[in-house]
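This report looks at salt bridges, strands and the nonpolar core of one chain. The sequence and structure come first.

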Amino acid sequence: MTKSELIALLAARQDTLSREDVDAAVRIILRRMSDALAGGERIEIRGFGSFTSVPRPARTARNPRTGEPVAIPARHVPHFKPGKELRERVNAQIAADAPRRLQRHSVPHPSQSPASPPAVGD
């Protein structure tokens, strides 16, 4: 789901708010979350998950083309940890969809193929 899809979904479910109001609310929420993470704050949304800023140490990498070492400075990266309710819901949905997914992507074993090639030498 993209931000514009989220805005469209929320706007369709709200009779009292215009699409512009929903767009502004979503932008404000996301901006506040970004500012909080940039400021080192932790964001926790019960039942959904938590967002934190995780420090990554400086390291030396290699340029794949030349093999020369490249210094990568220390930085902070956003990290999301799903809450228990979200994990359970996702796992339940994936488990329910698994038979369909397996059936759609499975390749039959050659012995189960309806048209077997003729035997050599016949």
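Asp23 and Arg27 form a salt bridge in this predicted model. Their closest N and O atoms are 3.5 Å apart. Why can these two meet along one helix? Both belong to helix α2 (residues 19–38) and sit four residues apart, so about one helical turn separates them. Asp23 is partly exposed, with a relative accessibility of 26%. Arg27 is partly exposed too, at 36%.

A search of the whole structure finds four salt bridges. Three of them, including the pair above, are set out here with the gap between the closest N and O atoms.

| Acidic residue | Basic residue | Closest N and O atoms |
|---|---|---|
| Asp23 | Arg27 | 3.5 Å |
| Glu41 | Arg32 | 3.6 Å |
| Glu44 | Arg46 | 3.0 Å |

Take the pair Glu41 and Arg32. Glu41 has a relative accessibility of 38% and counts as partly exposed. Arg32 is also partly exposed, with a value of 46%.

Now take Glu44 and Arg46. Is Arg46 buried or exposed? Arg46 is exposed, with a relative accessible area of 74%. That value lies over the 50% cut-off, so the residue falls in the exposed class. Glu44 is partly exposed at 39%. This pair does not stand alone: salt bridges with shared partners join Arg42, Glu44 and Arg46 into one network.

Next comes the fold. The chain contains three helices and five strands. Along the sequence, these elements follow the pattern α-α-β-β-β-β-β-α.

Three strands build an open sheet. Their order is β1-β2-β5, and the pairing is antiparallel. Which strands stand at the edges? They are β1 (43–45) and β5 (75–82). Each has a single partner strand, so one side of each lacks a neighbour in the sheet. On average, neighbouring strands of this sheet are turned by 25 degrees against each other, direction ignored.

Strand β2 covers residues 49–56. It pairs with β5 in the antiparallel sense over eight bridges. Across this pairing, Phe51 stands opposite Phe80 in β5.

Phe51 also belongs to the largest nonpolar core. Which residues make up that core? There are five: Met33, Ala36, Leu37, Ile43 and Phe51. Helix α2 gives the most to this core, with three residues.

The contacts of Phe51 reach several parts of the chain. Neighbours within four places in sequence are left aside here. Phe51 then touches Met33, Leu37 and Ile43, which are also listed in the core. Its other contacts are Glu41, Arg42, Ile45, His79 and Phe80. Two of these names return from the salt bridges: Glu41 pairs with Arg32, and Arg42 is part of the network with Glu44 and Arg46.

Some totals complete the picture. How much of the chain is buried? Buried residues make up 12% of its 122 residues. The accessible surface of the chain comes to about 10,500 Å². Carbon and sulfur atoms account for 57% of that surface. Consider the contacts between residues at least 6 apart in sequence. Of these, 28% join residues at least 24 apart.

Terms used: Residues are numbered from 1 along each chain as its sequence is written. This is a predicted model: local features need pLDDT of at least 70, side-chain atom pairs count only at pLDDT 80 or more; totals for chains, interfaces and linings use all residues. Side-chain values use heavy atoms; hydrogens and water are left out. A salt bridge is a side-chain nitrogen of Lys or Arg within 4 Å of a carboxyl oxygen of Asp or Glu. Buried means under 20% relative accessible area, exposed over 50%, partly exposed in between (1.4 Å probe, protein chains only). Contact means heavy atoms within 4.5 Å. Accessible areas come from the Shrake-Rupley method with a 1.4 Å probe; for residues, only the protein chains shown count as cover. Two strands pair if DSSP finds at least two bridges between them. Axes are lines fitted to C-alpha atoms, for helices over the stretch in contact, and angles run from 0 to 180 degrees between N-to-C directions. A nonpolar core is a set of buried Ala, Val, Leu, Ile, Met, Phe, Trp, Tyr and Cys residues joined through side-chain atoms within 4.5 Å.
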